[in-house]
Amino acid sequence: MTTRSGGMAAFRPERMREHRQRAGLSLEQLALLAGISPETARKAESGRRRPTGRVVVALAGALGVGVEELAPRAAGPATLKQLRQRTGRTQRQVAEAIGMSAQMVSRVEAGAYRASDPARWAPAYGVTPEQWLGAWQAGRDERCRDIQGARKA
């Protein structure tokens, strides 16, 4: 799950802290190794801000752990947005990889449109076409539940 700001809701600051301390790194050293600012590292570890997928991928790489160590997978099927974040890519980067606009990627990730050629989209998300379709459906289902919940409120 992700926050509206684009950060990874599954990110666990305490896991970042544990891995950083186990590696014997200061926040500044970790930030340098990850290629992010010390302030970004501080905000992520304190829980003041959830880092983007790109930042989580960079932190995991610098700590020598998988992304799942810092942001465990949700129990249900992943959405396209979650898959994309785990690759560290932005919507714009996915759009460039498949030759589409970032706006179209946003609409497809939101479930508003379904791509006619999942095989073209899947590599940009690091999955098979079948996995991509499952993630698209999961995102669409999530969006429908959000809409239904808003109607009831």
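The questions and answers below deal with the cores, helix contacts and selected residues of a predicted model. In this predicted model, local features need pLDDT of at least 70 and side-chain atom pairs count only at pLDDT 80 or more, whereas totals for chains, interfaces and linings use all residues. Residues are numbered from 1 along each chain as its sequence is written, and side-chain values use heavy atoms, with hydrogens and water left out.

Q: Which helix gives the most to the largest nonpolar core?
A: A nonpolar core is a set of buried Ala, Val, Leu, Ile, Met, Phe, Trp, Tyr and Cys residues joined through side-chain atoms within 4.5 Å, where buried means under 20% relative accessible area, exposed over 50%, and partly exposed in between, with a 1.4 Å probe and protein chains only. The largest such core has 21 residues, and those with the most contacts inside it are F11, M16, I36, V56, L59 and L70. At least two residues of this core come from each of α2 (27-34), α3 (38-46), α4 (53-63) and α5 (67-70), the helices being DSSP runs (H or I, at least four residues) numbered from the N terminus. The helix that gives the most to this core, with six residues, is α4.

Q: How many residues does the second, separate core have?
A: In soluble globular proteins, nonpolar side chains tend to be buried together. This model has a second core, separate from the largest one, which includes V94, A122, A124 and Y125. The number of residues in this second core is 16.

Q: How are α7 and α9 oriented to each other?
A: The axes of helix α7 (residues 91-98) and helix α9 (residues 118-125) come within 9 Å and cross at roughly 135 degrees, axes being lines fitted to C-alpha atoms, for helices over the stretch in contact, with angles that run from 0 to 180 degrees between N-to-C directions. Angles under 35 degrees count as roughly parallel, over 145 as roughly antiparallel, 65 to 115 as roughly perpendicular and the rest as oblique. The two helices α7 and α9 are therefore oblique.

Q: Which classes do the residues of the contact of α7 with α9 divide into?
A: Contact means heavy atoms within 4.5 Å, and here V94, A97 and I98 in α7 meet R120, W121, A124 and Y125 in α9. For the classes, Ala, Val, Leu, Ile, Met, Phe, Trp, Tyr, Cys and Pro count as nonpolar, Asp, Glu, Lys and Arg as charged, and the others, Gly among them, as polar. The residues of this contact divide into six nonpolar, no polar and one charged.

Q: Why do α2 and α4 count as roughly perpendicular, and which residues of α4 make the contact?
A: The axes of α2 and α4 are 8 Å apart and the helices pack at an angle of about 110 degrees, and α2 and α4 are therefore roughly perpendicular to each other. By class, their contact has seven nonpolar, no polar and no charged residues. On the α2 side it is made by L30, L33 and A34, and on the α4 side by A58, L59, A62 and L63.

Q: Is A60 buried or exposed?
A: A60 is found in helix α4. Not counting residues up to four places away in sequence, A60 touches V65, G66, V67 and L70. With a relative accessible area of 1%, A60 is buried.

Q: What separates the C-alpha atoms of E14 and E45 in space?
A: E14 is found in helix α1 (residues 13-22) and counts as partly exposed at 36% relative accessibility, whereas E45 has its place in helix α3 and is buried, with a relative accessible area of 6%. Leaving aside its neighbours within four places in sequence, E45 is in contact with P13, M16, R17, R20 and L27. E14 and E45 are 31 residues apart in sequence, and their C-alpha to C-alpha distance is 6.9 Å.

Q: Which residues is T79 in contact with, leaving aside its neighbours within four places in sequence?
A: T79 has its place in the loop between α5 and α6 (80-87). At 7% relative accessibility, T79 counts as buried. Leaving those neighbours aside, T79 is in contact with A135, A138, G139 and E142.
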